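Got the viewer open? Let's take a short walk through the strands first, then look at the empty space inside.

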Amino acid sequence: MTTKELIAQIAKETGMTKRRTEELLTATTEVIAESLQDGKAVQLQNFGTLETKQRAARKITNPKTGEVSMSQAKRVIGFRPNERLKDILR
Amino acid sequence: MEENIQQKQTWVALRHALAKQVHCTEKEAAVFLESLVHQLTLALQDNQAIRINSLGTFRLQAVAPRKSVHVGTGEAITIAGYNKLTFVPESSVKESMNNTATPKLTPETDPLRKLGEQADEIIGILAEMGQTPSQTKQPDDKTPETPQEEVIEQPLETETQKIVEQLSETEPQEIVEQQPDRPIAEKVMPPKTSKKQEKNHTGLIILLTACFFILLCIGAYFFMQHKLVAWMDSLREKVDGTELVATEKLAEDEIIVIEKSDEVDSTESTIEGDSSDEIEEIVQPQYQSFITTEEMHADSRLAWMAYRYWGKKDLWVYIYDANRDRISNPNLIKVGTPIRIPRLTKEQQDLNNPDTQRFIEQIQSEFK
């Protein structure tokens, strides 16, 4: 499902216009991204939680050359689904 | 442990932030979020991957069933397969996570943002109470601005004071810089006035030269007047001389005729005898030749003729005497009468000569 199809489905369900729905979806993504950048996890009710994890620096090996190097520490985004959603999708 | 420490953007907070972002009611935001989750769930149930722009892709990943061993009994069991929900963030979001160059301020570190969030909460409460956000927007917009204005006004005042001070410092410099410009302007001005003065000077020079030439011409006229008159007289004399040459021939012919007549008269007088004795005593002048013959004009006078030829008016009597045959009365001469001018001897021209004096008295006595 693309973003356009998602907007159309939401608009159809809520009765909002597609433009308004698009504005709300864009704002939602911005709020989620900002929250993640701020280091906050975003909990979506009955769906799951988007959170960030700190990935430590580690040794990595290039399989072609066998060269070993150090990867930098970084934050990664992870998603942990809600148990209810898990049961639904299971 | 990290999960416990990590703060969570709760559902209410997310709804509140969304309402603030889009300027809508929290109710509308809640409806949207519930619909979003519902549509995502439905799509995932249909085993569809859902791609959301600038966020990422939710995708179900099937985990195949696998064999395992029960730890307690040691029996071989099969773990059933299931669908694992995964999320792949977009690269822009990934990069933003590790972009430490511009760390964003948290509400704790950014007081203005905290105030803004508080204002948004007030807006949401008022919206729930039934007021339109547009009505409450104006005071709420002001509330976060007031601390900003207070914070910004001070540096502005200080900046303005600095600018005023700089201007006050720079003004005297400008005045000092402008002062030397004034003399330059004054120096530039004189050429304009000098051009006018030059024009006036040229006009005066032209007038003076004109006056000088006029005076010079007048002086030259007066200086040369006598010479010019003399030159004109000489020219007239030359012209008269040429006429005389022409007239003398005629006069000589006439004299010949007169002499012949005189001879006849003399013969007649000799025949008459003694009656002409008294006339001989008076001494009648004898005219050998004539200078010229002039025609009598309205303004001609015998005295002036005598003055012109001999310089003496009293000698007019000789002219009259030479023209007795044509002039009956010297005071009444017809215009156009030819007047012969006799050639007088020196004795005749001398007024002190008694013969001349006697002759003049005789003629004058006749017409007194």
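Strands here are DSSP runs of E with at least two residues, helices are runs of H or I with at least four, both numbered from the N terminus, and two strands pair if DSSP finds at least two bridges between them. You're looking at a predicted model, where local features need pLDDT of at least 70, side-chain atom pairs count only at pLDDT 80 or more, and totals for chains, interfaces and linings use all residues. Residues count from 1 along each chain as its sequence is written, and chains are lettered from A in the order written.

Start by selecting residues 41-44 and 48-55 of chain A: β1(A) and β2(A) pair antiparallel through three bridges. Zoom in on L44(A), which sits opposite G48(A). Three residues separate the strands of this hairpin, and N46(A) has a positive phi near 65 degrees.

Now add residues 8-9 of chain B. That is β1(B), running parallel to β1(A) and joined to it by two bridges; pick A41(A) and you'll find K8(B) as its bridge partner.

Next stop, the inside. A cavity is a set of points on a 1 Å grid over the protein atoms alone where a 1.4 Å probe fits but cannot get out; lining residues have an atom within 4 Å of a point. Its volume is the space filled by probe spheres set on the points, which are joined across faces, edges and corners. How many cavities of 30 Å³ or more are there? Just one turns up in the whole structure, and the largest cavity has a volume of about 70 Å³.

Select its lining, including L44(A), L50(A), I52(B) and F58(B). α2(A) contributes the most, four residues.

Key
Side-chain values use heavy atoms; hydrogens and water are left out. On a 1 Å grid over the protein atoms alone, a cavity is a set of points where a 1.4 Å probe fits but cannot get out, and a pocket is an open set with protein on both sides within 12 Å along at least five of seven lines; lining residues have an atom within 4 Å of a point.
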